[in-house]
Amino acid sequence: HGKQWYQRRVAITAGGTVTSGMPYKAYHGKTGRVFNIAKRAVGVIVNKKVRGKILAKRINLRIEHINHSKCRDDFLNRVKKNELVKKEAKASGTFVCTKRAPVNPRTSHTVKGKGIVVEEVCPIRYEFIA
């Protein structure tokens, strides 16, 4: 019963080896947040879409059907990397932007083929036939 599980993100996976405390099929593959810990089970808050609304459902699952979620790993790694970059920039006295920038589109280029004649393709004019 570790306190470290409270407020943790968990991935719900219905494993067939243990059939008790199994999640309903709608929750398989979803990510939820732990709100309660029992002897052999945990309570998880999961979002479920019901008739166009998203409801926060509270479900109880055995611990065999949950795993640590990796949904925050990229974010936490980025935070650590940004702190190191900021520390180095402060030591050197330079400014560094830690915001994520969108990837620019690729530059234009010409595709060349060996011994291939370039064929110009254009649409055929529409002719009305009565």
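**Note on the five-stranded sheet and its surroundings**

1. Start with the sheet. Five strands build an open sheet, and their order is β4-β3-β2-β1-β5. The pairing is antiparallel. At the edges sit β4 and β5 (66-68), each of which pairs on one side only. Ignoring direction, neighbouring strands are turned against each other by 45 degrees on average. Keep in mind that this is a predicted model.

2. A word on pairing in general. Strands of a sheet pair through backbone hydrogen bonds, and the pairing is either parallel or antiparallel.

3. Now look at one pair, β1 and β5. These strands run antiparallel, and three bridges join them. Which residue of β5 is the bridge partner of I12? The partner is I66. Find both residues in the structure, then trace β5 as an edge strand of the sheet.

4. Next, the loop between β3 (41-50) and β4 (53-62). R51 is found there. R51 is not a glycine, yet its phi is positive, at about 50 degrees. Is R51 buried or exposed? Its relative accessible area is 82%. The cut-off for exposed is over 50%, so R51 counts as exposed.

5. Q7 also deserves a look. This residue lies in the segment before β1 (9-12). Its phi is near 65 degrees, a positive value in a residue other than glycine. Q7 has a relative accessible area of 51%. Exposed means over 50%, so Q7 is classed as exposed.

6. Turn to the loop between β1 and β2 (31-37). A26 has its place here. Its relative accessibility is 29%, so A26 counts as partly exposed. Compare its position with that of Q4. The two residues are 22 residues apart along the chain. Their C-alpha atoms are separated by 27 Å.

7. Last, helix α1, which covers residues 73-92. V79 is found in this helix. Which residues make a nonpolar surface patch with V79? They are F75 and L76, and the patch measures about 220 Å². V79 has a relative accessible area of 34%, so it is partly exposed. A patch residue needs over 30% relative accessible area, and V79 at 34% passes that cut-off.

8. To revise, go back over three places. In the sheet, follow the order β4-β3-β2-β1-β5. In the loop between β3 and β4, find R51 and recall its positive phi. On the surface, pick out the nonpolar patch of F75, L76 and V79.

Definitions and conventions. Residues numbered from 1 in each chain as written. Predicted model: local features only at pLDDT ≥ 70, side-chain atom pairs only at ≥ 80, totals over all residues. Heavy atoms only, no water. Patch = residues over 30% accessible without salt bridge, like charges linked within 9 Å, V, L, I, M, F, W, Y side chains within 5 Å. Areas by Shrake-Rupley, 256 points an atom, 1.4 Å probe, with all protein chains shown as cover. Salt bridge = Lys/Arg side-chain N within 4 Å of Asp/Glu carboxyl O. Helix = DSSP H or I, 4+ residues; strand = E, 2+ residues; numbered from the N terminus. Buried < 20%, exposed > 50% of the residue type's maximum accessible area, 1.4 Å probe, protein only. Pairing = 2+ DSSP bridges. Axes fitted to C-alpha atoms, helices over the stretch in contact; angles between N-to-C directions.
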